Amino acid sequence: MNANLSERLAQDIRRRGSIGLDEYMRAALSDEREGYYATGNPLGRDFTTAPEVSQMFGELAGLWCVDVWTRLGEPAPVSLVELGPGRGSLMLDALRAVASASPAFMSDLEVHLVETSASLQRTQARTLGGVDIPVRWHESVESLPETPMLLIANEFFDALPIRQFAYTVQGWRERRVGLAEDDTFTICLGDVAERESRLYTLVNDPAEGEIVEIRPEAERIMRFISERLSKHSGAALLVDYGSGMRPSGDSLSALGRDGFVEALADPGAVDLSAWVDFGALARVAGDVDVFGPVPQGSFLRRLGIVERAERLRVHADETQAREISTALSRLIEPEGMGVLFKVMALVSRDLQTEPAGFLDAERFKGDA
Ligand code: SAH
């Protein structure tokens, strides 16, 4: 229980009235002292992400970047950027693969990590301590350098704050966080959301009780990335759990040490996330080509993960070989992360073809 953060949020609500789910989520995850990502090292304890499942994930992401860079004519200098790098494992694995595949890419490279948590920044610095190319940290994408870039974001967008609206007889009303009589957090409805005019275009014929989620911060970051890519060229690889279609309903979930818990139960002590609406992100991307979202399993197979696992097994003892096979299944099979997780790519128009792992037919064409 994170009593202080809960108490501060409760006081805030008593003083100002209900707060948006976005405000609640931002505090619960990113509060400087007591947010989930600020305290200790929750990643790996409560949930395991793809780069923590196997080194193959980061290696293939790195090789994907090299491939795009080569096809773009090897622009230099170039930035390799990661949003929300967690423990830094993906970047470490990516750099190892890149170093042996393309010394030229390595020599023109600067690494930029966008991370709000000071404690995770320290973890990343430790992980990447032995890397001999410059690594810089940023609190937000706005300070990234004006260079061509290859950007990777794994399970980053699902952690960005959402807002929810419910359709009622009066119209759309925001689902906000208030206090119940026993002082626990509870969802309550705000005023009719007249200014949120886009809600009226999101759902054509809403039924009473229908819930929609929007993610303004994610859309802002998408716009920024696509502008940068179209100006300086490069690509972005986004991997997350979610759907190509607008998810309907309340997808906010909370994961703690013992599995899923009630979403508003314990701010700061549990991981909060919500489905990523890839369609919404793709639609705000400006002057770039968007591919996907495709299932993570298909993407990784096309990049050769099965063959990579095979090669790793050659040098492994029996236990390690079993671990490699288990990790492979987790990453690509439908029972693991193979279908629920999706991959979307943004590429600057000068790439002209589809990036590795995608087919031309998987160009994002809106909701048609
Ligand atoms: N990509 C990692 C970690 C995923 S957890 C992995 O796959 O293992 C989400 C990460 O995003 C954490 O590092 C968290 O601190 C960071 N994060 C969350 N919100 C952020 C924001 N608004 N800006 C930058 N980083 C953020």
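For the purposes of this description, Ala, Val, Leu, Ile, Met, Phe, Trp, Tyr, Cys and Pro are counted as nonpolar, Asp, Glu, Lys and Arg as charged, and the remaining residues, Gly among them, as polar. Under this scheme, the shell around the ligand in the predicted model consists of eight nonpolar, six polar and four charged residues.

The overall dimensions of the protein were examined next. The radius of gyration is 21 Å, which agrees with the value near 21 Å that a compact globule of 368 residues would have. Taken along the principal axes, the box filled by the C-alpha atoms spans roughly 60 × 45 × 40 Å. The secondary structure comprises 13 helices and 16 strands.

The ligand occupies the largest pocket of the protein. A total of 18 residues surround the ligand, and the nearest of these are Thr49, Gly84, Gly86, Glu115 and Asn154. Two of the residues named here also supply polar atoms to the ligand's oxygen atoms. In Gly86, the atom concerned belongs to the backbone and is polar, at 3.1 Å from an oxygen atom of the ligand. In Glu115, a polar atom of the side chain lies 2.5 Å from an oxygen atom of the ligand. A nitrogen atom of the ligand is placed 3.5 Å from an N or O atom in the side chain of Thr116. On its own, the ligand has 570 Å² of accessible area, of which the protein covers 96%.

Several features of the backbone geometry were also noted. Two cis peptide bonds that precede proline are described here. One joins Ala76 and Pro77, with omega at about -5 degrees. Pro77 belongs to the loop that connects helix H4 (55-71) with strand S2 (78-83). The other runs from Gly292 to Pro293, where omega is near 5 degrees. Pro293 is part of a strand, namely S15, which covers residues 289-295.

A further backbone feature concerns Glu155, a residue other than glycine whose phi is positive, near 50 degrees. Glu155 is located in the loop between strand S5 (149-154) and strand S6 (163-168). Asn154, one of the residues that come nearest to the ligand, falls within the range given for strand S5 (149-154).

Methods: Residues numbered from 1 in each chain as written. Predicted model: local features only at pLDDT ≥ 70, side-chain atom pairs only at ≥ 80, totals over all residues. Heavy atoms only, no water. Near = heavy atom within 4 Å. Polar contact = N/O pair within 3.5 Å; in protein donor to acceptor, adjacent residues only side chain to side chain. Areas by Shrake-Rupley, 256 points an atom, 1.4 Å probe, with all protein chains shown as cover. 1 Å grid on protein atoms, 1.4 Å probe; cavity = no way out; pocket = protein on both sides within 12 Å on 5 of 7 lines; lining within 4 Å. Sits in = over half its atoms within 2 Å of the grid points. Helix = DSSP H or I, 4+ residues; strand = E, 2+ residues; numbered from the N terminus. Rg over C-alpha atoms; globule rule 2.2 N^0.38 Å.
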